[in-house]
Amino acid sequence: MNSKTNDRRGFLHGMLAAGGLAAAAPAGAQERSQRPAQPASGASGDMSFLPAYTRAQSYKSLKQSSYDTTGGNSDRWPIAPGGVREVFHATGAGVITHIWFTISARSSDHLKELVLRGYWDGNAKPSVEVPVGDFFGLNLGTYQIYQSAYLACSPGRSLNCYFAMPYRRSARFTVTNEGSQAIGSLYSNIDYMVVPKLPDDSLYFHAQYRQSAPCVPVVSAEPKLNLDGKLNYVYCETRGRGHLMGVTLGVLQNANGWWGEGDDMIFIDDESKPVITGTGSEDYFLGSWNFGGQFGAAQFAHRQYGAPLIQNPERTGGRYCCYRWHGDNPVTFERYMKHTMEHGHANDRGDNFYSAGYWYQSTPYTDFPALPPVAQRIPMVKAG
């Protein structure tokens, strides 16, 4: 069984099941289909022994893509410098289930120069605004093959997202080229469902980009203490009701040594102090001991966590890409959420952080900080 596929489809199936819109894909039902068949309960009419793909569904499966509308084989979109390409637009109730891109570009920085924006229910401002590379977990602007529960980069530099994205009235996604060179080819396939109605408690997907390049180190006397988290690196911040799904993070070291030891601190419905506090950066990403240290660090990528890129560890210029999903236990909030992490113990390091935060909430949130100019998004060592 493909555990990654089972996890992502199970997430979608669980989200839609309350509204009678369960996914019909065989992968989504693998876990249930492997259970021993149980007899129907008779009076109750329990048919849970049947896998989901054997049941009638009420949605319609569709795709929007960059296919050649002339019938030829030029199944791509070029994007001029400063150009905006609409890659998805749908009206009515629906759910985006999968996004796939692959890109051919002259610029080696195109993963930072291209920006993905998503708009829900006709909003003029986006609820998804992230450079393409960062959105797909390639936060330092280079390709690295990996797979996780919700994001993956496959051979051939293909980018995949399996976050389910419900919308009630409309959805629109664009890709903007903020670089100085043309994008020769953007290939796109976006799979989605048209549904008669979403469950009342369906939430909107959000993704927010942040960076500190460099983080500003805090100089303090021993012992170094940090209880309020006010100077921590911020992954994302929002107001409303919803739950946090996780983050991706790229780190470019500006000095020798271990960049971690930064506790994760999540503020939930209280802006004055964190409700959740962890034990260190490598622990938050579910590794340990510096991911193996200066001479033994090893890349890893699993369904809910990973560090698929580790280069030149613990040295100036060292590069790390990490991700952590909370699919097992999304972090819920009723009014407010801010996800933060120390940059070094008690914020004592000044490395470059580039990240994306992913969450769901009940209404589209658009009060995002301004996206840094493209020149500032390109990772560069800034050793003092």
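# A tour from the cysteine pair outward

Select C322 first: its sulfur lies 7.2 Å from the closest cysteine sulfur, that of C321, which is too far for a bond. The model is a predicted one. A disulfide is a covalent bond between the sulfur atoms of two cysteines. With the cut-off at 2.5 Å, the disulfide count comes to zero. C321 is accordingly in no disulfide, the nearest cysteine sulfur being that of C322 at 7.2 Å. Colour both residues by accessibility: C321 counts as buried at 4% relative accessibility, and C322 counts as buried at 1%.

**The whole chain**

Zoom out and switch to a cartoon. Six helices and 23 strands make up the secondary structure of the chain. The chain has 384 residues, and 55% of them count as buried. Turn on the surface: the accessible area is about 16300 Å², with 51% of it belonging to carbon and sulfur atoms. Among contacts with a separation of 6 or more, 77% are between residues 24 or more positions apart.

**Strand β11 and its two partners**

Select residues 170-177, which form strand β11. Is this strand mostly covered or mostly uncovered? Seven of its eight residues are buried, so the answer is mostly covered.

Add residues 84-91, strand β3, which runs antiparallel to β11 and is joined to it by seven bridges. To check the register, pick T91, whose bridge partner in β11 is S170. Then add residues 114-120, strand β5, which is also antiparallel to β11 and joined to it by seven bridges. Here the residue to pick is V115, with T176 as its bridge partner in β11.

**R377 and its surroundings**

Keep V115 shown and select R377, since V115 is among the contacts of R377. R377 belongs to helix α6, residues 374-377. The residue is buried, with a relative accessible area of 0%. Draw a distance from the side chain of R377 to the backbone oxygen of P372: a polar atom of that side chain lies 2.7 Å away.

Which residues does R377 touch beyond its neighbours within four places in sequence? They are K112, E113, V115, P131, E178, Y209, Q211, Y354, L371 and P372. One of these, E178, also belongs to a network of salt bridges that links R117, E129, E178 and R377. Show the four side chains together to follow the network.

**Three salt bridges to visit**

The model has 13 salt bridges. Three separate pairs follow.

Start with K112, another contact of R377. The side chains of K112 and D134 form a salt bridge, with N to O at 3.0 Å. K112 is in helix α3 (residues 110-113) and D134 in helix α4 (residues 132-135), so this pair ties together parts 22 residues apart in sequence. Both ends are covered: K112 is buried at 1% relative accessible area, and D134 is buried at 0%.

Next select D191 and K63, whose side chains meet in a salt bridge at 2.8 Å, N to O. D191 lies in strand β12 (residues 183-194) and K63 in strand β1 (residues 60-65), so the pair ties together parts that are 128 residues apart in sequence. K63 is partly exposed, at 46% relative accessible area.

The third stop is E334 with R241, where the closest N and O atoms are 3.2 Å apart in a salt bridge. E334 sits in the loop between β21 (331-333) and β22, and R241 in the loop between β14 and β15 (242-252), so parts 93 residues apart in sequence are tied together. E334 is partly exposed, with a relative accessible area of 44%. R241 is likewise partly exposed, with a value of 45%.

**The four-stranded sheet**

From that last pair, move to the strands β14 and β22. Both belong to an open sheet of four strands, in the order β14-β22-β16-β17, with antiparallel pairing. Which strands stand at the edges? They are β14 (233-239) and β17 (276-277), each with a single partner strand, so one side of each is left without a neighbour in the sheet.

Now select residues 264-268 and 336-341, strands β16 and β22, which pair in the antiparallel sense over five bridges. End the tour on F267, which stands opposite K338 in β22.

Definitions and conventions
Residues numbered from 1 in each chain as written. Predicted model: local features only at pLDDT ≥ 70, side-chain atom pairs only at ≥ 80, totals over all residues. Heavy atoms only, no water. Helix = DSSP H or I, 4+ residues; strand = E, 2+ residues; numbered from the N terminus. Buried < 20%, exposed > 50% of the residue type's maximum accessible area, 1.4 Å probe, protein only. Contact = heavy atoms within 4.5 Å. Areas by Shrake-Rupley, 256 points an atom, 1.4 Å probe, with all protein chains shown as cover. Pairing = 2+ DSSP bridges. Polar contact = N/O pair within 3.5 Å; in protein donor to acceptor, adjacent residues only side chain to side chain.
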